[in-house]
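Visitor: Please take me closely through one part of what is shown here, and then through what lies around it. Keep it plain, and give the cut-offs for the terms.

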Number of protein chains: 4
Amino acid sequence: MHQGRTGRPRSPEADAAILAATRQALVEVGWSRLTMGDVAARAGVAKTTLYRRWPGRNELVVDAVAVLFDELELPDLGTLSADVESVVRQFGALLDRPEAKTALMAVIAEATRDEELRRRIRTTIVDRQKRLVTAGRRRAEERGELPPPPGPEAAARDTDLVFDVVAGAVVHRTLVSAEPVDADWAHRLTQLILTGLTAQRAPGAGA
Amino acid sequence: MHQGRTGRPRSPEADAAILAATRQALVEVGWSRLTMGDVAARAGVAKTTLYRRWPGRNELVVDAVAVLFDELELPDLGTLSADVESVVRQFGALLDRPEAKTALMAVIAEATRDEELRRRIRTTIVDRQKRLVTAGRRRAEERGELPPPPGPEAAARDTDLVFDVVAGAVVHRTLVSAEPVDADWAHRLTQLILTGLTAQRAPGAGA
Amino acid sequence: MHQGRTGRPRSPEADAAILAATRQALVEVGWSRLTMGDVAARAGVAKTTLYRRWPGRNELVVDAVAVLFDELELPDLGTLSADVESVVRQFGALLDRPEAKTALMAVIAEATRDEELRRRIRTTIVDRQKRLVTAGRRRAEERGELPPPPGPEAAARDTDLVFDVVAGAVVHRTLVSAEPVDADWAHRLTQLILTGLTAQRAPGAGA
Amino acid sequence: MHQGRTGRPRSPEADAAILAATRQALVEVGWSRLTMGDVAARAGVAKTTLYRRWPGRNELVVDAVAVLFDELELPDLGTLSADVESVVRQFGALLDRPEAKTALMAVIAEATRDEELRRRIRTTIVDRQKRLVTAGRRRAEERGELPPPPGPEAAARDTDLVFDVVAGAVVHRTLVSAEPVDADWAHRLTQLILTGLTAQRAPGAGA
DNA sequence: TAGTAAGCGAGACGGTACGTCGAGTCTTAGA
DNA sequence: TCTAAGACTCGACGTACCGTCTCGCTTACTA
């Protein structure tokens, strides 16, 4: 009786080669012209090997791209403003890379009609960014830069709003307006949001 | 000797039928499963007629979707806050419709590697939205809700920033976070931005 | 009240230009790649004009080629043998020309499934050749080289047989065996047939 | 390291199914309306499978038709005359079948401008018939019905001539004159040729 | 140390859609 | 009514990928 794995194990190098080949192909030919056969050929692997590991093109591309977002991190630069500005610029730089830019938008587009894919994107990509917002808020509260939230519900709503505003603005500027996220723009975005947040919390100050 | 147009003129009904068929197909089968043959059949037109008028799928879809954005308008509700909030909710509602949602993202994705397509999107879709921001700012200045910009350069930069923030946030919430743009969220987004803008212009108040 | 033609008369030059263009196109691109649009363009004429005069490609090509066979003629060289040999060589030379070669076979092939086309070929091409055989036989009888036929039925049967043998052999050698109809071959074919015909009529001689 | 064949082998059933489907389609719709898609559908095979094995329609049809000519054979009926007459009638019967008739002529027509196709026809169809003539002559010489040829060159020339005459006459009668190759016609053709051959070889007899 | 089950490459398979081309028809303006 | 021009519908073309399916090896765990 068997309970463990039997047979030849899957080649671990293959996974890495395939994901790398996928990213390379994305940069060179773009999402819509990326073919499984091409990826397989670039990876020096048979098409069968791809399909043994991923259900299809979409899933393969999401996995290939997800790892790129791991490098985003919240530094501790002393002030909330500096911390946020840094993340904005990191994110802008990431979306400036063709493989991230192309893949992210295409996968989102594809996801609008595929609940399963949507779930995969949410878990492998989006949630990681959201943690940056949560961590930033917590650190700012510890520093006394932001008042503690009135309640857990309000805190969650604020987190989501800030997340959508920051991520959305960066994505929109990069992919739709096609303008660079330079130091000046990052600074002005950060100021707009933090001013908005702070002034709202201290309405009397502006009266 | 001829100097005028010769030959049978292109059927004007065909254009309308094709664009309508494209939108219908987008809703029913989604972007990635939309085929030129299917669109032609729905429109009661030969495939060649499509290719005589559009270079390919992407261009056809952009044109088919562009008209949807014509319906966005800046109402005059008496206050800047109410005006902005209205546009935010209109835009959210628009992106809630499958044909807009699907097509917009997919086309943007495709555009990341096609300068010509990018130009088409910029001119037929993006610029129309930007006019909403410009008009809103001008009206607010007339009402005295916002100070006149320090100079034309600063005004343009501000317009672009606000545009990226508003459009980006709405798009991100709708397509990535997959949450609805309801009245509450629209209100909070509007407050965040307007507070940020106003407080920045009167820095002494927040000090 | 009108009883004659009204409106603009058909251009007579167009007919000649179209037939010439058809022959030229046949030589250059062959039957299966010959297109109506191409013929129209070569003739400096609109496609409509072609379709107003011929029902389709096949009919046009038959008419264009038929005229080539008009040049075949039975000379009077003094002996039946010389006369026949001359016709064989004329026919061989005709089939050596690409437009005749290509068109003849293709049209025959097409005709195997189109009774109407078959009739057109029979009347415009085949019957003209048959008259050569009939004329040759009559002249030979006048010269006393061949005995008068036993009866009209036998004469018709003999004519058909000789026609199929001569025409068939020349066509087969040219188009299937792809060998030239040179003087030697024409002489040997003529001798075979005339010897056969003469010896049959004088069976006692071979006993 | 591999030295043998790799990959999935081609299905041998597919070949047979495709060729049979081609013959069936030829009979039903004729050459000019025969489409690769239709053949594929009839064979229960994908279009790509056809193109993987044959460069195009012409080559496919030649191969599909070639096997029909395999059934022609030279019987031993005791006399040269009877043997030849049998072959003539077999050939006539073969050309009476629509798939042979249509395909043969059409392919020959196409071949007039395609050297490669011409070669294929020569090797897969024509040469097989020529062997019938050679065998008939050899057998007749063994029986003493024909004198041995004066030399190898003359023998080859005679073989070619007889081949072109017999095949050409049968083809011409069937496809151009559109008359049946019945027993009477076959007999008269055979007599014409054999009389001509014999009388030529014994010129003194006829003097 | 010998089986054996899964992995592997290669490439053929049935499909679907592509974008193009030609056929034959129709619609305009002008001769 | 003819003409040239060119848009129209239709249908087949030959190609490209899809995702699946044999093949004949190769490899590493398990009996």
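Guide: The surface near DNA strand F receives at least two residues from each of these helices: α2 (36-43) and α3 (47-53) of chain A, α3 (47-53) of chain B, α3 (47-53) of chain C, and α2 (36-43) and α3 (47-53) of chain D. A residue is near a strand if one of its heavy atoms lies within 4 Å of it. Helices are DSSP runs (H or I, at least four residues), as are strands (E, at least two), numbered from the N terminus. This is a predicted model, in which local features need pLDDT of at least 70 and side-chain atom pairs count only at pLDDT 80 or more, while totals for chains, interfaces and linings use all residues; side-chain values use heavy atoms, with hydrogens and water left out. Residues are numbered from 1 along each chain as its sequence is written, and chains are lettered from A and ligands numbered from 1 in the order in which they are written.

In total, 48 residues surround DNA strand F, and the closest are Tyr51(A), Arg53(B), Thr49(C), Arg53(C) and Tyr51(D). By class, this surface has 14 nonpolar, 19 polar and 15 charged residues. Here Ala, Val, Leu, Ile, Met, Phe, Trp, Tyr, Cys and Pro count as nonpolar, Asp, Glu, Lys and Arg as charged, and the others, Gly among them, as polar. On the DNA side, 64% of the strand F atoms within 4 Å of the protein belong to sugar or phosphate, and the rest belong to bases.

Some polar contacts (pairs of N or O atoms within 3.5 Å; within protein, one must be able to donate a hydrogen and the other to accept it, and residues adjacent in sequence count only if both atoms are side-chain atoms) can be named. An N or O atom in the side chain of Arg8(A) is 2.9 Å from a base oxygen of DNA strand F. The side chain of Arg52(B) has an N or O atom 2.6 Å from a phosphate oxygen of strand F. In Gly37(D), a backbone N or O atom lies 3.4 Å from a phosphate oxygen of strand F.

Next comes DNA strand E. It is surrounded by 44 residues, with Thr49(A), Arg53(A), Tyr51(B), Thr49(D) and Arg53(D) the closest. The class counts are 12 nonpolar, 19 polar and 13 charged residues. Of the strand E atoms within 4 Å of the protein, 61% belong to sugar or phosphate and the rest to bases. A phosphate oxygen of strand E lies 2.8 Å from a backbone N or O atom of Met36(B), and a phosphate oxygen is 3.1 Å from a polar backbone atom of Ala46(D). Arg8(D) places a backbone N or O atom 3.1 Å from a sugar or linking oxygen of strand E. Two or more residues of the surface near strand E come from each of α3 of chain A, α2 (36-43) and α3 of chain B, α2 (36-43) and α3 of chain C, and α3 of chain D.

The helices α2 and α3 of chain D also appear in the packing around another helix. Helix α4 (residues 57-66) of chain D has eight of its 10 residues buried, where buried means under 20% relative accessible area, exposed over 50%, and partly exposed in between (1.4 Å probe, protein chains only). Among the buried ones are Asn58(D), Glu59(D), Leu60(D) and Val61(D). What covers them includes α1 (12-29), α2, α3, α6 (98-111) and α7 (115-143) of chain D.

Last, the chains themselves. Chain D can be laid on chain C by a turn of 179° and a shift of 0.1 Å along the axis, with an RMSD of 0.3 Å; copies are superposed by least squares on the C-alpha atoms of residues with pLDDT of at least 70 in both. That is the relation of a two-fold axis. Of the contact residues of chain D, 98% recur in chain C, and the same surface serves both copies; contact means heavy atoms within 4.5 Å. Chain A is superposed on chain B by a rotation of 179° with 0.0 Å of shift along its axis, at an RMSD of 0.3 Å. Chains B and C do not touch, with their nearest C-alpha atoms 11 Å apart. Chains A and C do not touch either, and their nearest C-alpha atoms are 33 Å apart.
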